[in-house]
Amino acid sequence: MSHTDWMRAALDEAERAHEHDDVPVGAIVVRISTGEIVARAHNARERDGDPTAHAEILALRAAARAAGSWRLDDYALVVTLEPCPMCAGAAWAARIAQIVFGAADPKAGAAGTLYNFAADPRLNHEIDVVPGVLGDECGARLTAFFASRR
């Protein structure tokens with residue numbers, strides 16, 4: 001599968017957030033060596049009443065359970081919106097090898113737009129970042145969601 005195929009899977013997951021009025025962000029975790037999707041999640045802050053229930057955090061937790069280890073150095077985190085500092089920090093802590101994201105987040109993006117947790121030389125792990133995969137489509141879904149709430 002390609003980055004585009006992976007992002008389409010993340011977009012499908014993002015749609016599930018509408019079921020409980022959460023911001024439509026979807027994430028998957030892929031084992032790079034096999035191409036297997038090992039975890040899927042979408043934002044669930046509203047549903048769970050949990051400020052940490054971002055798609056990335058939920059997907060990373062599920063991937064660690066599936067892998068039997070917190071260390072996810074053969075995995076890619078694929079997410080429709082650039083990870084925030086909390087989520088980029090969790091990817092760093094999990095030793096994720098790659099972050100693939102769709103829409104950049106100029107207000108809170110921490111994988112190169114506002115901050116760059118992926119390539120900070122002060123940290124002991126760097127993450128390969130692939131930005132902008134289906135970025136227009138990912139951004140349009142977020143724009144439509146927020147427009148419907150105004």
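Reader: What do the buried residues of H3 pack against?

Author: This is a predicted model. In it, the buried residues of H3 pack against S1, S2, S3 and helix H4 (85-93).

Reader: Which residues of H3 are buried?

Author: Start with the general idea. An α-helix has 3.6 residues a turn, so residues three or four places apart point the same way. Now the case here. The buried set in H3 is Ala55, Glu56, Ile57, Leu58, Ala59, Leu60, Ala62, Ala63 and Ala64.

Reader: What should the 13 residues of H3 span?

Author: Count 1.5 Å a residue, which gives an expected 18 Å for H3. The end C-alpha atoms of H3 are 18 Å apart, so the two agree. Just after H3 comes Gly68, with a positive phi of about 75 degrees.

Reader: What is the order of the strands in the sheet?

Author: Read across: S2-S1-S3-S4-S5. The sheet is open, has 5 strands and shows mixed pairing. Strand S2 (36-42) and strand S5 (128-130) stand at the edges. Each has a single partner strand, so one side of each lacks a neighbour in the sheet. From one strand to the next, the twist averages 20 degrees.

Reader: How many bridges join strand S3 to strand S4?

Author: There are 5 bridges between S3 (residues 75-81) and S4 (residues 98-103), and these strands run parallel. One partner pair is Leu81 with Ala103 in S4.

Reader: Where do helices H3 and H5 lie on the sheet?

Author: Helix H3 (residues 55-67) packs on the sheet and touches strand S1 (26-31), S2 and S3. The direction of H3 makes about 145 degrees with that of S2. Helix H5 (residues 135-149) lies across S3 and S4, at about 60 degrees to S4.

How values were computed: Residues are numbered from 1 along each chain as its sequence is written. This is a predicted model: local features need pLDDT of at least 70, side-chain atom pairs count only at pLDDT 80 or more; totals for chains, interfaces and linings use all residues. Side-chain values use heavy atoms; hydrogens and water are left out. Two strands pair if DSSP finds at least two bridges between them. Helices (H or I, at least four residues) and strands (E, at least two) are DSSP runs, numbered from the N terminus. Axes are lines fitted to C-alpha atoms, for helices over the stretch in contact, and angles run from 0 to 180 degrees between N-to-C directions. Contact means heavy atoms within 4.5 Å. The expected span of a helix is 1.5 Å times one less than its number of residues. Buried means under 20% relative accessible area, exposed over 50%, partly exposed in between (1.4 Å probe, protein chains only).
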